[in-house]
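Student: I have a model open and would like to talk through its charged pairs and one of its helices. Could we go step by step?

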Amino acid sequence: MTLAGATSLDRLPPLREVIARYGLAARKSLGQNFLLDLNLTRRIARAAGPLPGHVIIEVGPGPGGLTRALLLEGADEVIAIERDERCLPALEEIASAAGGRLVIVHGDALAVDLTAYLAGRPAKIVANLPYNVATPLLVGWLQADPWPPWYSSMTLMFQREVAERIVARPATKAYGRLAVLAQWRTEPRILFDISPRAFTPPPKVTSSVVQFTPRARPDPCDVHLLEQVVAAAFGQRRKMLRSSLQALSLDPLPLLAAVGIEPTRRAEQLSVAQFCALARTLTDDRA
Ligand code: SAM
């Protein structure tokens, strides 16, 4: 199969040249650390594969290194949401080479309804996320309603420390809100690390690519009630649940007894299933 625009995509100038031509000096306030090595961006795009038959939502394309890779790896269409208008001419150049397969959206990914661009088509999310909005974006995608969500997978880059919090198991320091929410609804997996040296400018820390596969049938419970229980429990993670769950404005003892959890346990000792059981009982309490 020949991809529309594949030849012209191969002929685009090197990203360093694009950055120099459009004056794209990286801005810290926008979490800008660019990947300029197309071998690496293609490796990330392949990790999200197969891409044919899917629309890819990419947040923060910047000068377009990952965007090019997603197109070259056969995405039906890439919808790229970029906040920095300085990047738009560089992205337009890719769009003209891509034969109509790149849609550029200028805006804040936290405020844009991404599903509006899909018209029901199968989608994946792939992004080298700006570190300053990575967690709120991820939490929003994990809270998608209805579930299973509008995307069939997410392949996202985070700072290694955030990736570790996402895949953390109970009884570890990294286990908390992100782990519970992510593991409740998806199977998250760290695929590989990326050295700071791969980015321009290099960030201070290592990054990791994380793959999220949505669970078809997560333990049934209301996402907002689960968030309340988890926030209360980890809000005071060193305290016993009989005390930390008072933040829910109820007597924690009957709630804990109803799901068979010792009141002297602490948040990090609970499994995801136990948090879900607490959220379900909270629903019953308030019905
Ligand atoms: N994808 C490019 C790459 O891999 O080289 C750039 C990644 S850089 C870590 C993050 C990008 O997200 C930047 O281009 C930045 O301007 C953009 N960005 C920051 N905040 C954003 C937001 N709220 N909505 C959309 N894009 C944003």
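What follows is a short conversation about salt bridges and a helix in this predicted model.

Student: Happy to start with a count. How many salt bridges does the structure hold?

Tutor: A pair counts when a side-chain nitrogen of Lys or Arg lies within 4 Å of a carboxyl oxygen of Asp or Glu. By that criterion, the number of salt bridges in the structure is 12.

Student: Let's take one of them. Which residue forms a salt bridge with Glu77?

Tutor: The closest N and O atoms of the pair are 3.1 Å apart, and the cut-off is 4 Å. The partner of Glu77 is Arg121.

Student: How many residues apart in sequence are the parts that this pair ties together?

Tutor: Glu77 belongs to strand S3 (residues 77–82). Arg121 sits in the loop between strand S4 (102–106) and strand S5 (123–128). The salt bridge therefore ties together parts whose separation in sequence is 44 residues.

Student: Is Glu77 buried or exposed?

Tutor: Its partner Arg121 has a relative accessible area of 31% and is partly exposed. For Glu77 the value is 15%, and the limit for the buried class is under 20%. Glu77 is therefore buried.

Student: Now to helix H7 (residues 160–167). Which residue meets the side chain of Arg160 in a salt bridge?

Tutor: The N to O distance of this pair is 2.8 Å. The two residues are four apart in the helix, so about one helical turn separates them. Arg160 is partly exposed at 26% relative accessible area, and its partner, at 36%, also counts as partly exposed. That partner is Glu164.

Student: What is the N to O distance in the salt bridge of Arg165 and Glu161?

Tutor: Both residues lie in helix H7, four residues apart, about one turn of the helix. Arg165 is partly exposed at 29%, and Glu161 counts as partly exposed at 45%. Their side chains meet with an N to O distance of 2.9 Å.

Student: Which residues are joined into one network by salt bridges that share partners?

Tutor: Here the link comes from shared partners. The residues joined in this way are Arg42, Arg46 and Glu73.

Student: Last, helix H5 (residues 88–97). Which residue with a positive phi follows H5?

Tutor: Within H5, the buried residues include Leu88, Leu91 and Ile94, along with Ala90, Ala95 and Ala97. After the helix comes a residue whose phi is positive, near 55°. That residue is Gly99.

Notes:
Residues are numbered from 1 along each chain as its sequence is written. This is a predicted model: local features need pLDDT of at least 70, side-chain atom pairs count only at pLDDT 80 or more; totals for chains, interfaces and linings use all residues. Side-chain values use heavy atoms; hydrogens and water are left out. Buried means under 20% relative accessible area, exposed over 50%, partly exposed in between (1.4 Å probe, protein chains only).
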